[in-house]
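Let's take a walk through a protein model together. Have the sequence and the 3D view open, and follow along one stop at a time.

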Amino acid sequence: RIGAATATGAFWGAQTLRQLVPTAGADDPLTIEAVRIQDYPRFAYRGAMLDVARHFFPPADIRRFIDAIVLLKINHLHLHLTDDQGWRIEIESWPELTRIGGSTGSDGSPGGYYTQDEYRALVDYAAERHITIVPEIDVPGHTNAALASYPELNPDGVAKELYTGRKVGFSSLMTGDATTDRFLRDVVREVAALTP
């Protein structure tokens, strides 16, 4: 019997039950020993982070990762979506971010990005498993992928070269600039609309 005060608590109780199921090599893989567990999370926010900015993972891999962290009762997935090496979330008002900025990864790893529909589907998939996706958009620093995509985001009006190395922290948006302000408003507006 799994008892819980909320549907989320019952879901996590089911994960505990899954952990008790004997492995395939057990003498009796269909019997769970009698046990009483009274469990509750010590921390309300239990998170994992996946850096898809430097090393892109396709949606199927993200879903497998979500399925894995469910067993650990992780309830937040921090997706690191942008950095110097790549821009991984489609921003419809700034399409070059993914066309150019999403074309590379760190140290030769392939590029890629999530369309808004793919990202929405990941958010929904996670929510069905009581996991909240938390998007990370690095600004004002760690922005070389954006600076390579749009020359007007650079002080000299020249697009930066794409970057695939490991070091970070050398790039920055221009603060106090009208184009940068419009860029940030658009990015935050679109990502916020995709992420409850």
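**A guided tour**

Our starting point is N75, which counts as buried because its relative accessible area is 10%, and buried means under 20%. Keep in mind as we go that this is a predicted model.

Where along the chain does N75 sit? Look in the loop that runs between helix 2 (59-71) and strand 2 (76-80). Now turn to its side chain and see what it reaches. On one side there is the backbone oxygen of A44, at 2.6 Å. The N75 side chain also reaches the backbone nitrogen of R46, at 2.8 Å. If we leave aside its neighbours within four places in sequence, N75 is in contact with W12, A44, Y45, R46, H130, I131 and T132. So that you can see what "contact" stands for here, it means heavy atoms within 4.5 Å.

One of those partners, H130, brings us to the next stop. H130 comes just after helix 4 and takes a positive phi of about 65°. Helix 4 itself covers residues 116-128, which makes 13 residues. From its first C-alpha to its last it reaches 18 Å, close to the 18 Å expected at 1.5 Å a residue.

Which residues of helix 4 are buried? They are Q116, Y119, L122, V123, Y125 and A126. These buried residues pack against helix 2, strand 2, strand 3 (132-136) and helix 6 (178-194). Try clicking on each of these partners in turn.

Next, follow the chain to G141, in the loop between strand 3 and helix 5 (144-149). With a relative accessible area of 18%, G141 is buried. How far apart are G141 and L173, in sequence and in space? They are 32 residues apart in sequence, and their C-alpha atoms are 6.4 Å apart in space. Setting aside its neighbours within four places in sequence, G141 is in contact with S171 and S172.

Let's finish at the surface. Here I2, L17, L20, V21, I32, V35 and I37 form a nonpolar patch, and together they have about 540 Å² of accessible area. Pick out L17 among them: its place is in helix 1 (residues 7-20). Is L17 buried, exposed or partly exposed? L17 is partly exposed, because its relative accessible area is 40%, and partly exposed covers the range between under 20% and over 50%.

Note on methods: Residues are numbered from 1 along each chain as its sequence is written. This is a predicted model: local features need pLDDT of at least 70, side-chain atom pairs count only at pLDDT 80 or more; totals for chains, interfaces and linings use all residues. Side-chain values use heavy atoms; hydrogens and water are left out. Patches are made of residues with over 30% relative accessible area and no salt bridge: like charges are joined within 9 Å, nonpolar side chains (Val, Leu, Ile, Met, Phe, Trp, Tyr) within 5 Å. Accessible areas come from the Shrake-Rupley method with a 1.4 Å probe; for residues, only the protein chains shown count as cover. A salt bridge is a side-chain nitrogen of Lys or Arg within 4 Å of a carboxyl oxygen of Asp or Glu. Helices (H or I, at least four residues) and strands (E, at least two) are DSSP runs, numbered from the N terminus. Buried means under 20% relative accessible area, exposed over 50%, partly exposed in between (1.4 Å probe, protein chains only). A polar contact is a pair of N or O atoms within 3.5 Å; within protein, one must be able to donate a hydrogen and the other to accept it, and residues adjacent in sequence count only if both atoms are side-chain atoms. The expected span of a helix is 1.5 Å times one less than its number of residues.
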